[in-house]
Structure formats: structure tokens, C-alpha cells
Amino acid sequence: MASSTKANPQVCVETPLHPEKLPVWCALWAGGIIGPYFFKNDEGHNVTVNGDRYRAMITNFFIPELNNHVVQELWFQQDGAICHTARATINLLKDTFGDRLISRFGPVNWPPRSCYLTPLDYFL
């Protein structure tokens, strides 16, 4: 008998529909790179970036890292992802960077469907 006829037709093998994603964030500035920051839960599993997680990263990782460097006149630029442009996120970034925020709904508006590459697009 061939091995294929011996296989149990009742066995179900599950495979993921999509590969696991690794959400990562970093900042690029003239003095170097801050990060990378990997979005993971308390058990170390990758998680989707939402507004709460993004703000936690800004508050608990990025701002403390900035305080470790001598940075003046820093501009913060981000795209129009929903977690980036939630009202609470924009308010946090405005409080931190004032008018030096380039973002959808920010003081300097990020152009929708911008075709221009940013330094981060090129670097990553």
C-alpha cells in the first residue's frame, strides 16, 4: 500500500492564513536612531498597534529616550495611520512637540496619499 492511502483522511492540519506580523517603530534624527521599539504584549507576543499602545510607546519609550539626548528644534513626522491620528494621540504629540508636528490633523498637515519618501521610508 502506498503511504498516501495509509494517511488518515479525518486528520485536519491547521495552518495560519497570514504570516505573523512584527509591528516595529523607530525614530531617525541627525544624532542617530531611537529604537527599534517592538509592539508586544506582557507575554512577549506581537500585537496590533492601536491608539492606546502607540501613545504608551510615545510616553513610556520615545519621550524618555529623547530626554537622554540633547535635541533642539525636533520635528516629529508621522503618516496618517489611524492609531497615529486619534484625537488623544494628536493632543499628546501637540503637547510634546507644539507646532513642530507633521501629521494628519497636526499643525503641519501630512498630505494624503503622499508619494514622497521620508527618511524613515528609505532607511527601513
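**Close-up 1. Arg55, a buried residue of helix 2.** In this predicted model, Arg55 has a relative accessible area of 19%, and because the limit for calling a residue buried is under 20%, Arg55 counts as buried. The place of this arginine in the chain is within helix 2. When its neighbours within four places in sequence are left aside, the residues in contact with Arg55 are Ala86, Ala88, Thr89 and Leu92. Of these partners, Ala88, Thr89 and Leu92 also appear on the helix 4 side of the contact between helix 2 and helix 4, which is the subject of the next view.

**Close-up 2. The packing of helix 2 against helix 4.** Helix 2 is formed by residues 51-67 and helix 4 by residues 87-97, and their axes come within 10 Å of each other while crossing at roughly 15°. Because an angle under 35 degrees counts as roughly parallel, helix 2 is described as roughly parallel to helix 4. The crossing of these two helices is right-handed. On the side of helix 2, the contact is made by Gly51, Tyr54, Arg55, Ile58, Thr59, Phe62, Ile63 and Leu66, whereas helix 4 contributes Ala88, Thr89, Leu92, Leu93, Thr96 and Phe97. Sorted by character, the residues of this contact comprise nine that are nonpolar, four that are polar and one that is charged.

**Close-up 3. Cys12 and Cys26, two cysteines with opposite surroundings.** Cys12 is exposed, since its relative accessible area of 63% lies above the limit of 50% used for that word. Cys26, by contrast, has a relative accessibility of 9% and is therefore counted as buried. With a disulfide taken as a pair of cysteine sulfur atoms within 2.5 Å, the count of disulfides comes to zero.

**Close-up 4. Asn109 in the loop between strand 4 and helix 5.** Asn109 belongs to the loop that runs between strand 4, at residues 101-102, and helix 5, at residues 119-123. Not counting residues up to four places away in sequence, Asn109 touches Ser103 and Arg104. Gly80 is 29 residues away from Asn109 along the chain, and the C-alpha atoms of these two residues are separated by 9.5 Å.

**Close-up 5. The setting of these views in the whole protein.** The secondary structure consists of five helices and four strands, and from the N terminus on these elements follow one another in the order α-β-β-α-β-α-α-β-α. The protein has 124 residues, of which 25% are buried. Among contacts between residues at least 6 apart in sequence, 49% join residues that are at least 24 apart.

Technical notes. Residues are numbered from 1 along each chain as its sequence is written. This is a predicted model: local features need pLDDT of at least 70, side-chain atom pairs count only at pLDDT 80 or more; totals for chains, interfaces and linings use all residues. Side-chain values use heavy atoms; hydrogens and water are left out. Buried means under 20% relative accessible area, exposed over 50%, partly exposed in between (1.4 Å probe, protein chains only). Axes are lines fitted to C-alpha atoms, for helices over the stretch in contact, and angles run from 0 to 180 degrees between N-to-C directions. Angles under 35 degrees count as roughly parallel, over 145 as roughly antiparallel, 65 to 115 as roughly perpendicular and the rest as oblique. A crossing is left-handed if the near helix is turned anticlockwise from the far one by less than a right angle, and right-handed if clockwise. Contact means heavy atoms within 4.5 Å. Ala, Val, Leu, Ile, Met, Phe, Trp, Tyr, Cys and Pro count as nonpolar, Asp, Glu, Lys and Arg as charged, and the others, Gly among them, as polar.
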